[in-house]
Amino acid sequence: MDTSRRRFVRSTGILGLASMMYGSRAFSLNSGKRIGIVGLDSSHSIAFTKELNANLSNDNYRAYHVVAAYPFGNPDIPLNGKRIPVLTTEIEKLGVKVVQSLSELLRLVDVVLLETNDGNLHLKQAEIIMKAGKPVFIDKPVANSYNDALSIFSLSDRYKIPVFSSSSLRYIQGLQDIDKKTVLGADIFSPAHVEPSHKDLYWYGIHGVEMLFALLGSDCISVQTTHTDDFDVYVGKWSDGRIGTLRGTRKGADEFGGTVFTDTSTIKLGAYQGYAPLLKEIVAFFDSGKSPVQREETLAICKFIDAAFESKQKNGERVLLKGIQ
């Protein structure tokens, strides 16, 4: 059976299942697009696949569905080495085809979720994906340095392929409802586990940084880091004098949240809502080609993380973001 025939049979099988499950609301043969996942070293790969493929009639997801996955990220990171074989088996059980090369995956799909959790690999992987003409969502971290992130957006311009990167915590309950023009400052908390191959906040604390920048905007000018084994506190100053803080935790409960100070009130951020709000934005991005997060903000987040790491190395010295190259 040739490739096109196999693809047709697979697509009609999925459609038949959807029809049985959802009746008249099931998507038609010509609707929806095929998603490829790069990297089975992140739990997001499984969570995204389950959410999308189990909700084929959800209007927010527009019948986008995961059909193929390329498993390999960086198995030399201990956590990844354990995850890759386990998640490969799990995603196969969900009916997703596991391929052995990125080029094979790109022949089978329309759009890509770059889920490799090693940010050091993203620039190389993103270039291959964009060169093949596939729109790409890059899960956190977009990279492991400002320079790599800048190069990714330069490639987006060169190949005229849209790129979107975000943490799901940008969509924590209540954050999107706040009028950002009224925000005077924010105190955010987030788990901030570290991995030796990454500058501290890129590995996990980026969730908290994303929340901070979603509230205060991209014009942060400096950061100071206070470091201990169990906690870090980052104090950012914005160009208009506003202060934003992030408490990164490695001891105690792994929880996200914060307090936002506005012109008229003090707002407590609500509970983490899972991946559905982010997936809605990803699908809308794939359809429109327009990222809901400006590249300037994503790049400012990377500058903040680079500067915070430098501040830690300089024993808490204030570091200006404009000095990050």
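The following conversation concerns the salt bridges, one buried aspartate and the cavities of a predicted model.

Colleague: Before we start, what are the ground rules for this model?

Modeller: The model is predicted, so local features need pLDDT of at least 70 and side-chain atom pairs count only at pLDDT 80 or more, while totals for chains, interfaces and linings use all residues. Residues are numbered from 1 along each chain as its sequence is written, and side-chain values use heavy atoms, with hydrogens and water left out.

Colleague: How many salt bridges are there in the whole structure?

Modeller: The search finds 13 salt bridges, a salt bridge being a side-chain nitrogen of Lys or Arg within 4 Å of a carboxyl oxygen of Asp or Glu. One of them joins E90 and K50, with N to O at 3.4 Å. E90 is in helix α3 (residues 78–93) and K50 in helix α2 (residues 43–53), 40 residues apart. Helices (H or I, at least four residues) and strands (E, at least two) are DSSP runs, numbered from the N terminus.

Colleague: Is E90 buried, exposed or in between?

Modeller: E90 is partly exposed, with a relative accessible area of 27%, and K50 is also partly exposed, at 43%. Buried means under 20% relative accessible area, exposed over 50%, and partly exposed in between (1.4 Å probe, protein chains only).

Colleague: And what does E210 pair with?

Modeller: E210 forms a salt bridge with R170, at 2.7 Å from N to O. The pair links helix α8 (residues 206–216), which holds E210, to the loop between β6 (163–166) and β7 (183–191), which holds R170. Both E210 and R170 are buried.

Colleague: Where do D232 and R250 lie?

Modeller: D232 lies in strand β9 (residues 231–238) and R250 in the loop between β10 (243–249) and β11 (257–262), so their pairing ties together parts 18 residues apart in sequence. The closest N and O atoms of this salt bridge are 2.7 Å apart. D232 counts as buried at 1% relative accessibility, and R250 counts as buried at 19%.

Colleague: Which residues are joined into one network?

Modeller: R170, E210 and E297 are joined by salt bridges that share partners.

Colleague: Changing topic, what does D306 touch?

Modeller: D306 is in helix α10 (residues 295–313) and counts as buried at 8% relative accessibility. Leaving aside neighbours within four places in sequence, D306 is in contact (heavy atoms within 4.5 Å) with S145, Y146, K199, Y202 and I324. The side chains of D306 and Y202 share a polar contact of 2.9 Å. A polar contact is a pair of N or O atoms within 3.5 Å; within protein, one must be able to donate a hydrogen and the other to accept it, and residues adjacent in sequence count only if both atoms are side-chain atoms. A polar atom of the D306 side chain also lies 3.0 Å from the backbone nitrogen of Y146.

Colleague: How many cavities are there of 30 Å³ or more?

Modeller: There are two. On a 1 Å grid over the protein atoms alone, a cavity is a set of points where a 1.4 Å probe fits but cannot get out, and lining residues have an atom within 4 Å of a point. Grid points are joined across faces, edges and corners, and a volume is the space filled by probe spheres set on the points. The largest cavity holds about 60 Å³, and its lining includes E210.

Colleague: Which element gives the most to the lining of the second largest cavity?

Modeller: That is α10, with four residues. The second largest cavity has a volume of about 50 Å³, and D232 is among its lining residues.

Conventions. 1 Å grid on protein atoms, 1.4 Å probe; cavity = no way out; pocket = protein on both sides within 12 Å on 5 of 7 lines; lining within 4 Å.
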